[in-house]
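Q: I am new to this structure. Please take me through one part of it closely: the pockets and what surrounds them.

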Amino acid sequence: MFDRLSSLIIALTLVAVAAIFAALAGGDALVIAILTAAGLAGAAIVYGSVPAVRSDPQGTAAPPAEPQPVSLLRHPDFAHWVDQEREPLLGLVDNIVAIANDAAIRLLGRHIVGADIRTAIRHPAATEWLSRIDEDAALDTINLIDFPRPGQRWTMRIAALSGNDRIVFLSDRSAIDAADRMRSDFVANASHELRTPLAAILGYVETLQDMNGDADGPTRDRFLSIIYREAGRMQQLVIDLLSISRVEADRFRRPTMPVDLTLIVKTTIAQLRDSEQARAADIAAKLGDEAQPMLGDEAQLGQLAHNIISNAMKYGRADTPVTVELAREGRRVRLSVSDEGDGIAPDHLPRLTERFYRVDEARSRSVGGTGLGLAIVKHISERHQGQLDIHSEVGRGTRVSVAFPLLPES
Ligand code: ADP
């Protein structure tokens, strides 16, 4: 508490105080001598009880030890965190894999723990990059093309920790690449679909111009009707492209309006009958009068019904019925449309809802199909928590149905 200097001052003060008290007590020489001796004895006790402070004028003594940094890899929470990570993660000490989470072991195998990272991740770009990590720890993300299998892409990042410890992060980009490919395929397909009727229109207009009014009436009429038909095809394609982008944008917005599916399907059938389509008279509706209340987007549900009914009209045989039914199945209502057509071979069924997928391209074009109808149906069905089923028998016909959840109180 006190150093030796301050304890000496305190001791001398005690002697002086003792002497003053002795003088005040009457100035008797014997009393003064006894009290001064007592003061000196007290001072000696105080002085002796305080340890001496060692001086270090040259400053040669070692500074107090600083706490050593603990590498993240050795922190008790690290293994816990690594195990929770879904993406593969490796902890390296001197380029040797010390820690690997489950995802990393699934990707690279259990043998990687204890192995050199360059043998654990066998990829030329990784090997080249990992041989430089000691020079510059802050390296960019690198692409591992065709890793671990052809057609896949992963990225790899490294974080430098204290000492030679490192964390390697691996991330699967294959799904993102597939989505990008789908997007660019879609643009290419849409452009191709638009270019075909456009080329026909330009060709016939040019021919008419070259004929300089010499075309006879029937030829001119035939050319004009082709131009009209191709322009209509383009218009339908643009309408379907806009629809699909709208329903895709709405994908995660659950409908909140109560609607009656019976009324929507009845309205759609009435519109198809009014549209003077060749097979409108073949529609056989078995809808009943009972309301089928559900949460829905009226316009989208109308479009879904329109697309499946008009497919049955397009691909069913002439003069055979197109049966449209509504039936309750517990807490759901099923809309089904059946036709008597050539049917669809089983290997095509899983791909029918892909954009621009057609079983028979020429047939689809000849009946004015765009290849987007069932893709739109699938999106609308998903948005309404519907379950889409396509059942077909070659030579007999097809039944397309969607089951929607009903409102709870119905
Ligand atoms: P499209 O505009 O070509 O009709 P869709 O997406 O509606 O496009 O349908 C995709 C393909 O599925 C069609 O091209 C057709 O080959 C097939 N298809 C759809 N509905 C039927 C059906 N009822 N009968 C037979 N084939 C069908």
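A: What follows covers the two largest pockets, then a helix that helps to line them. The model is a predicted one.

Start with the largest pocket. Its volume is about 1,200 Å³. The lining counts 45 residues. Nearest the centre lie Asn311, Lys314, Tyr315, Gly368 and Gly369.

Which elements build this lining? Six of them supply at least two residues each: helices H8 (217-249), H10 (298-315), H11 (361-366) and H12 (373-383), and strands E10 (332-339) and E12 (397-405). H10 gives the most, with nine residues.

The chemistry of the lining is mixed. Polar residues number 19, nonpolar ones 15 and charged ones eleven. Two domains take part: domain 3 (179-246) and domain 4 (255-405) each contribute at least three residues to the lining of the largest pocket.

Now the second largest pocket. Its volume is about 380 Å³. Here 16 residues form the lining, and Met182, Thr353, Glu354, Arg355 and Phe356 lie nearest the centre. Helix H7 (174-210) and H12 are the elements that give two or more residues to this lining. By class, eight of the lining residues are charged, five nonpolar and three polar. Domain 3 and domain 4 both give residues to the lining of the second largest pocket, so this pocket lies between them.

H12 deserves a closer look. This helix supplies at least two residues to the lining of the largest pocket, and two or more to the lining of the second largest. Is H12 mostly enclosed or open? Nine of its eleven residues are buried, so H12 is largely enclosed by the rest of the structure. Buried here means under 20% relative accessible area.

The buried set begins with Gly373, Leu374, Ala375, Ile376 and Val377. His379, Ile380, Ser381 and Arg383 complete the set. What covers these residues? The cover includes H8, H10, strand E11 (387-393) and E12. Of these elements, H8, H10 and E12 also supply residues to the lining of the largest pocket.

After H12 comes Gln385, with a positive phi near 55°.

For a residue with another setting, turn to Gln84. Gln84 sits in helix H3 (residues 76-84). Its relative accessibility is 55%, so Gln84 counts as exposed. Gln84 and Asp102 are 18 residues apart in sequence. In space, their C-alpha atoms are 8.9 Å apart.

How values were computed:
Residues numbered from 1 in each chain as written. Predicted model: local features only at pLDDT ≥ 70, side-chain atom pairs only at ≥ 80, totals over all residues. Heavy atoms only, no water. 1 Å grid on protein atoms, 1.4 Å probe; cavity = no way out; pocket = protein on both sides within 12 Å on 5 of 7 lines; lining within 4 Å. Points joined across faces, edges and corners; volume = space filled by probe spheres on them. Helix = DSSP H or I, 4+ residues; strand = E, 2+ residues; numbered from the N terminus. Nonpolar A, V, L, I, M, F, W, Y, C, P; charged D, E, K, R; others polar. Domains from an automatic or database assignment. Buried < 20%, exposed > 50% of the residue type's maximum accessible area, 1.4 Å probe, protein only. Contact = heavy atoms within 4.5 Å.
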